[in-house]
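Biologist: I am new to this model and would like a close look at one part of it, the cysteines and the charged side chains, taken slowly and in order.

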Amino acid sequence: MIHHDVIVVGGGLAGLRAAVEAKRAGIDVAILSQVHPSRSHSGAAQGGINAALANDPGSVDDTWEKHAFDTVKGGDYLGDQDAVMQMTKDAIEVIYEMDHWGCPFSRYDDGRIAQRPFGGAGYPRCCYGVDKTGHYLLQTLMEQAYKLQAKIYVEQFVTRLIVHEGVCQGVVAYDMIRGGFEAFTANAVVIATGGAGRTYSNSTNAIINTGGGMAMAYHAGVPLKDMEFVQFHPTGLLSTNILMTEGARGEGGYLINDLGERFMEKYAPKFMELAPRDITSRSIQTEINEGRGIGGKSYVYLDLRHLGAEKILARLPGIRDLAIHFEGVDPIEAPVPIVPSQHYTMGGIDTDVNGASVMPGLYAAGECACVSVHGANRLGGNSLLDTIVFGRRSGAEIARYLGGLADKRPNARAAFAAVQAMEDTVETLGARTGTEDAYALRAEMADIMKEKFGVFRDGAGMKEGLDKLVALKDRVGRIGLRWTGSVFNLDMIRTVELEGMIDVALAIAVPALARTESRGAHSRTDYTERDDVNWLKHTLAYYQPGVAGPRLDSKSVTLGTFEPQERKY
Ligand SMILES: Cc1cc2nc3c(=O)[nH]c(=O)nc-3n(C[C@H](O)[C@H](O)[C@H](O)COP(=O)(O)OP(=O)(O)OC[C@H]3O[C@@H](n4cnc5c(N)ncnc54)[C@H](O)[C@@H]3O)c2cc1C
């Protein structure tokens, strides 16, 4: 058994920022991550991070209040307005903090941080480091974590929480290198495990973005909020769904159909290619569905040729490399075939603005959490911001929480019992002679999510998808391990992971079917209108042991500043 005051699960931007803040308060913090922090998915973020710095000549009137309005409107009025305003207000400070810690942001000639236009934003507000913003931010925060000597355990696959008398007191992790399960006890735990993109087969996300942290909290009785809201990014590469950043359209890229038209003129005449992602993805999908995909096929073009080689090489070099290597197309010379692709989980572990969940001692930050600031549709550039703002706030809140704790000794018996429970689970798995295969079931599940819970949804399709997920959950119980060794047992990891993934998929499917309206990224062809009378509320999904699918409840949205209106772009 290993003890630290605080355990942070996840070494991406949210986890690192939470750890740095707690460390700055003098707290003993350890980060557990299944990969080295530098390989966290945050490093793949390309386009940028929003803050109303008003640096661009076109954004001198920008304010954090305008950033808040764009965010609330972009989220189709489902975001909690107090949380959104907290984020957009903190944004300016956290960007300058990252700048002072050495983050190499791109700059104007006068030295100020450069800002590019992004979707759904009234001003050029997106700060960036060429097209490698996530990588630069991640390296900067890692330096801070190392400088402050946060303890980092890598190749640790966390499987469950340790809960004693309703209080979170640590986690159980599988040590991939040495084998076996270990209890890491703590007085507070931050889950910062990223999104659940890989529950879909057409995702821009890394293979490890499986929603594991969401599943852990959910299984321990903490609700998942607004899970039906899944973002589809308009521009994933046709063959692989690898992302072509919104920054490519921010720099002036066009979307073109088979007739050579810039079709966004029909759907968002003012914002054109920089409409919010839900609208742009629906527009692309409509063009495809109505036969105007390129050659009548299921894709359209992202055309950057008119930007010219100089601008592409200066502002979008990484995007060009990806298009060349993964699609065989050089954007300087030819348009790039793209499709809407699963990209972001708006829902997640229900937390307040300080990252606290309903379980004492349990916090969450980043894409696995739902504060909620993104509502029904996240604006590009607001996720990196969310990780840093709410990572920081979680770390600060934990310092307050620990200061007020009378008894700081986690219960050892509960920790040993949690480890024993995991060892029993794996022993049962190893003894099973089941015929099902974890990899095949994962692929089946991800295809169901892509087909039935995609850009457009309808009741009959979702019901069919839900029935298939329920049948699949049953089959997950019949997986037989092909490898039972103790070290680097990926067969075991993938099986335990899949048990969580299928529950997360069900926590998306059930509220999606229940929500009989269209709002943001949840777009139903059988209920096409937003219904504020019945559905201007958050959904809460509670895990039910022994039952396939969650119990649903709801909670009200914090309004008060921006009156809900029809979204026009
Ligand atoms: C290709 C791409 C480009 C993007 N570009 C932008 C952008 O330009 N601007 C923007 O605002 N947003 C962007 N996003 C979204 C944004 O990058 C993510 O939402 C954000 O980085 C998530 O950060 P995180 O810290 O929550 O999680 P992650 O960075 O995904 O980190 C998760 C961490 O948790 C660990 N972990 C997970 N499960 C376990 C487990 N069971 N046990 C132990 N460790 C575990 C992982 O090892 C990892 O360290 C982009 C997303 C993608 C996919």
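Is C370 buried or exposed, judged by its relative accessibility?

Modeller: This is a predicted model, in which local features need pLDDT of at least 70 and side-chain atom pairs count only at pLDDT 80 or more, whereas totals for chains, interfaces and linings use all residues. Residues are numbered from 1 along each chain as its sequence is written, and side-chain values use heavy atoms, without hydrogens or water.

C370 is buried, since its relative accessibility comes to 2%, where buried stands for under 20% relative accessible area, exposed for over 50% and partly exposed for what lies in between (1.4 Å probe, protein chains only). The cysteine sulfur closest to that of C370 belongs to C368, and because 11 Å separates the two, they are too far apart for a bond. C126 can be read alongside C370: its relative accessibility is 0%, and C126 therefore counts as buried. The structure as a whole holds zero disulfides (pairs of cysteine sulfur atoms within 2.5 Å). C126 is accordingly in no disulfide, and the cysteine sulfur nearest to its own, that of C127, is 6.8 Å away.

From the cysteines we can turn to the charged side chains. Side chains of opposite charge can pair when their charged atoms come close. The model has 49 salt bridges, each being a side-chain nitrogen of Lys or Arg within 4 Å of a carboxyl oxygen of Asp or Glu. Three of these pairs, and then a network, can be followed one after another.

Begin with E21 and R24, which form a salt bridge whose closest N and O atoms are 3.6 Å apart. Both residues belong to helix α1, which covers residues 13–24, and they are three residues apart, about one turn of the helix; helices here are DSSP runs (H or I, at least four residues), numbered from the N terminus. The two partners fall into separate accessibility classes, for E21 has 15% relative accessibility and counts as buried, while R24, with a relative accessible area of 44%, is partly exposed.

R482 and D437 also form a salt bridge, and here the closest N and O atoms are 3.4 Å apart. This pair links distant parts of the chain, 45 residues apart, with R482 in the loop between α14 (459–476) and α15 (490–514) and D437 in the loop between α12 (412–431) and α13 (438–452). R482 is exposed, its relative accessible area being 61%, whereas D437 is partly exposed at 24%.

A third salt bridge joins D526 to R524, with 3.0 Å between the closest N and O atoms. D526 is partly exposed, with a relative accessibility of 35%, but R524 counts as buried, since its own value is 4%.

Salt bridges also join into a network, and one such network links ten residues that can be picked out on the model: the acidic members are D76, E228, D278, E517 and D532, and the arginines are R282, R515, R519, R530 and R567.

To return to the residue you asked about, C370 is a buried cysteine at 2% relative accessibility, and the sulfur of C368, at 11 Å, is too far from the sulfur of C370 for a bond.

Conventions. Helix = DSSP H or I, 4+ residues; strand = E, 2+ residues; numbered from the N terminus.
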